[in-house]
Amino acid sequence: MKTTRISVTGKKVQTIEADLLVYCLAQPLKKNSKTAPPCDALIRQQVKTAFDLGDFSGKDGETLMYYPALKEETAVKANRIMVMGMGKINQETDASAVFETLRELGGRLAGTCKKVNAKTITICLPDITMISPGKTSQCLVEGLLLGDYRFEKYKAATRKKTDYTGLKLIRFSGLNPVKSVRAGVKKGQIAAHAACEARNMANEPGNGWTSKEFAAYAKDLASEYGLKFTCLEKKDMENLGMGGILAVNQGSAIPPRMIILEYTPEKKSSTLLLVGKGITFDSGGISLKPSAGMEEMKYDMCGGAAVLSAMRAVGEEKPDIGVVAIIPATDNMSGSSAVRPGDIIRHFNGVTSEIVNTDAEGRMILADALAYGIKIFKPDGVVDIATLTGAVIIGLGHHHAGMVSNNDPLSDLLISAGKTAGEPLWRLPLNKAYKKQIESKVADIKNIGGKSGGSITAAAYLAEFVGKTPWAHLDIAGTAWNFTEKAYIPKGPSGFGVRTFIHLIHAWKGQKFNR
Ligand code: BES
Ligand code: ZN
Ligand code: ZN
């Protein structure tokens with residue numbers, strides 16, 4: 001993967017050579033202010049002129065680009081100067097809204113760099129009093145790196161030499177203490193890198209990213225960060241009675257894998273279990289999906305990718321809670337050996353299930369992973385993440401992921417982590433009435449619950465496998481790709497969930513949820 005160097009410097013910005021020098025200005029709070037946004041002396045005249053002409057007032061999304069023509073006179077060594085508006089920021093502005101403004105600004109900046117072929121940039125850090133300099137740099141870095149993402153692995157033959165290859169060097173200047181800015185930069189790099197890795201996995205096609213590649217990646221990650229890696233193979237699953245994942249895998253030529261990564265800190269206060277749906281291609285099985293758009297079902301592993309990438313961040317940041325990740329991985333294929341509608345299977349915990357629709361496969365593999373993970377690791381809380389239902393797109397569109405939980409404090413903690421990350425979650429209800437919808441005449445439960453409330457009945461299925469353990473389920477079918485259009489979210493897979501998990505882990509602090 002391309003790496004972008006990021007440094008924090010105390011040098012005068014004029015003296016730094018760069019393709020682009022960037023300033024971020026807040027819009028004056030007063031309505032119809034007659035004065036230009038306050039700014040550094042170096043750019044004051046240009047900003048004032050642009051303001052007087054009505055071209056720039058500091059509004060969010062506004063930019064002013066110019067070329068310091070008389071380099072010797074002003075001694076500016078950068079080729080271009082860009083001033084970017086951040087909009088109005090006052091003490092009442094929600095901190096998470098400021099984070100989002102900065103990420104968006106970083107994303108837009110990455111877009112401009114691509115347009116003007118800027119590879120080295122210097123950013124004068126804005127002084128935003130309500131958030132720390134560390135947070136400011138963290139969010140800008142996240143936005144920049146997430147916005148600078150590209151997946152060109154399979155495009156080598158058509159790529160031109162002149163094509164933009166991304167940012168090489170970002171320098172931050174201007175805010176003290178340098179130490180906290182550096183720490184913020186590091187955090188931003190970790191989060192963005194993890195999310196971009198999740199995007200890379202998702203962008204791989206169904207023939208490039210199977211359960212095998214998933215496991216190999218996890219194994220490498222484990223050796224890089226000293227995590228424990230375990231992979232349950234098909235034989236192990238048979239011995240353990242994991243009838244859900246085995247059934248889904250029945251039609252496939254590639255064996256299933258249950259990938260487990262464990263991070264254990266020296267002093268463990270609490271353990272979080274993350275489970276991610278790793279369907280590397282979902283054809284629907286015998287209940288075949290329509291062909292239009294079926295290629296998008298290579299993204300059906302985005303939950304698994306999010307969990308695996310969150311473990312990279314865990315490896316980097318070494319939090320003081322234990323984190324275990326489980327990814328049940330297989331593709332869902334059709335054919336003569338595939339599982340049939342009407343078949344009855346037995347999950348790891350003994351619960352039997354009537355497979356009414358083979359396209360409702362996510363819940364079947366997650367069920368075994370959840371029951372197994374809870375039994376073996378006895379976590380204090382568990383969060384699963386999955387592109388589980390088309391119904392969540394009908395209900396929430398592409399702007400919120402759906403969440404179902406059996407625990408209010410865990411649910412609140414996740415909603416707040418999602419808000420901080422710019423990955424909004426919306427809680428849906430779950431009660432006996434929904435659970436009734438998945439009652440089967442011939443088995444303990446069935447794998448679909450009828451037309452209504454599809455996202456909730458899918459969660460009701462999962463609930464059968466978590467017992468009383470505090471649990472939350474994230475349905476990212478609408479946000480794993482096609483997520484809300486933002487400057488730092490590209491058109492394809494978004495990496496949704498990775499940064500929410502990072503914030504969740506930061507906020508966890510040995511949390512013991514009421515059972
Ligand atoms: N992977 C799909 C859900 C999905 C649909 C994700 C669209 C992203 C975009 C899942 O396995 C599935 O097929 N679910 C079915 C469930 C139904 C058969 C009860 C669905 O949503 O149609
Ligand atoms: Zn499906
Ligand atoms: Zn699926």
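This is a short dialogue about reading some features of a predicted model.

Reader: I've got the model open. How should I treat it, and which feature do I start with?

Author: Keep in mind that this is a predicted model. Let's begin with salt bridges. The idea is a side-chain nitrogen of Lys or Arg within 4 Å of a carboxyl oxygen of Asp or Glu.

Reader: Okay, how many salt bridges does the whole structure have?

Author: A search turns up 23 of them. Take Lys419 and Asp94, whose closest N and O atoms are 3.0 Å apart. Lys419 sits in helix α12, and Asp94 belongs to the loop between β4 and α3, so this pair ties together parts that are 325 residues apart in sequence.

Reader: Are those two residues buried or exposed, or something in between?

Author: For this you read the relative accessible area: under 20% is buried, over 50% is exposed, and partly exposed lies in between. Lys419 comes out at 47%, so it counts as partly exposed. Asp94 has 36%, which makes that residue partly exposed too.

Reader: Which salt bridges have a buried partner?

Author: Here are two cases. Asp148 meets Arg150 in a salt bridge, with 3.2 Å from N to O, and Asp148 is buried at a relative accessible area of 3%. Then look at Asp282: its partner is Lys289, with the closest N and O atoms 3.9 Å apart. Asp282 is buried as well, with a relative accessible area of 3%.

Reader: What happens when salt bridges share partners?

Author: They can join up into a network. In this model, Glu100, Arg103, Glu142, Glu423, Lys486 and Arg499 are linked into one network that way.

Reader: Let me zoom in on Arg499. Where does it lie, and which residues does it touch?

Author: Arg499 lies in helix α15, which covers residues 498–508. Leaving out residues up to four places away in sequence, Arg499 touches Arg103, Glu142, Leu146, Ala191, Ala421, Glu423 and Tyr488. Its relative accessible area is 3%, so Arg499 is buried.

Reader: Now the ligand. How many residues surround ligand 1?

Author: Reading a binding site starts with the shell of residues around it. For ligand 1 there are 17, and the closest are Lys289, Asp300, Asp359, Glu361 and Gly390. You've already met Lys289, as the salt-bridge partner of Asp282.

Reader: What kinds of residues make up that shell?

Author: The shell divides into 6 nonpolar, 4 polar and 7 charged residues.

Reader: And which atoms of the protein lie by nitrogen or oxygen atoms of ligand 1?

Author: Check whether the side chain or the backbone is involved. Asp300 has a polar side-chain atom 2.9 Å from a nitrogen atom of ligand 1. With Leu388 it's a backbone N or O atom, 3.4 Å from a nitrogen atom of the ligand. Gly390 also has a polar backbone atom in play, 2.7 Å from an oxygen atom of ligand 1. As for cover, ligand 1 taken alone exposes 510 Å², and the protein buries 78% of that.

Reader: Next, backbone angles. Which peptide bond is cis?

Author: For that you read omega. The bond joining Asn176 and Pro177 is cis, with omega at about -5 degrees. Pro177 lies in the loop between β6 and α5.

Reader: I've also heard of phi. Which residues other than glycine have a positive value?

Author: Two to look at are Lys318 and Asn482. Phi of Lys318 is near 45 degrees, and Lys318 is found in the loop between α9 and β11. Phi of Asn482 is near 60 degrees, and that residue lies in the loop between β18 and α15. For exposure, Lys318 has 47% relative accessibility and so counts as partly exposed. Asn482 is partly exposed too, at 37%.

Reader: Last one: how do I compare separation in sequence with distance in space?

Author: Pick two residues and read both values. Lys212 and Ala305 are 93 residues apart in sequence and 14 Å apart in space, C-alpha to C-alpha. Lys212 lies in helix α6 and, at 54% relative accessibility, counts as exposed. For another pair, try Gly395 and Ser33: 362 residues apart in sequence, and 42 Å from C-alpha to C-alpha. Gly395 lies in helix α11, and at 60% relative accessibility it counts as exposed.

Technical notes:
Residues numbered from 1 in each chain as written. Chains lettered and ligands numbered in written order. Predicted model: local features only at pLDDT ≥ 70, side-chain atom pairs only at ≥ 80, totals over all residues. Heavy atoms only, no water. Helix = DSSP H or I, 4+ residues; strand = E, 2+ residues; numbered from the N terminus. Buried < 20%, exposed > 50% of the residue type's maximum accessible area, 1.4 Å probe, protein only. Near = heavy atom within 4 Å. Polar contact = N/O pair within 3.5 Å; in protein donor to acceptor, adjacent residues only side chain to side chain. Areas by Shrake-Rupley, 256 points an atom, 1.4 Å probe, with all protein chains shown as cover. Nonpolar A, V, L, I, M, F, W, Y, C, P; charged D, E, K, R; others polar. Contact = heavy atoms within 4.5 Å.
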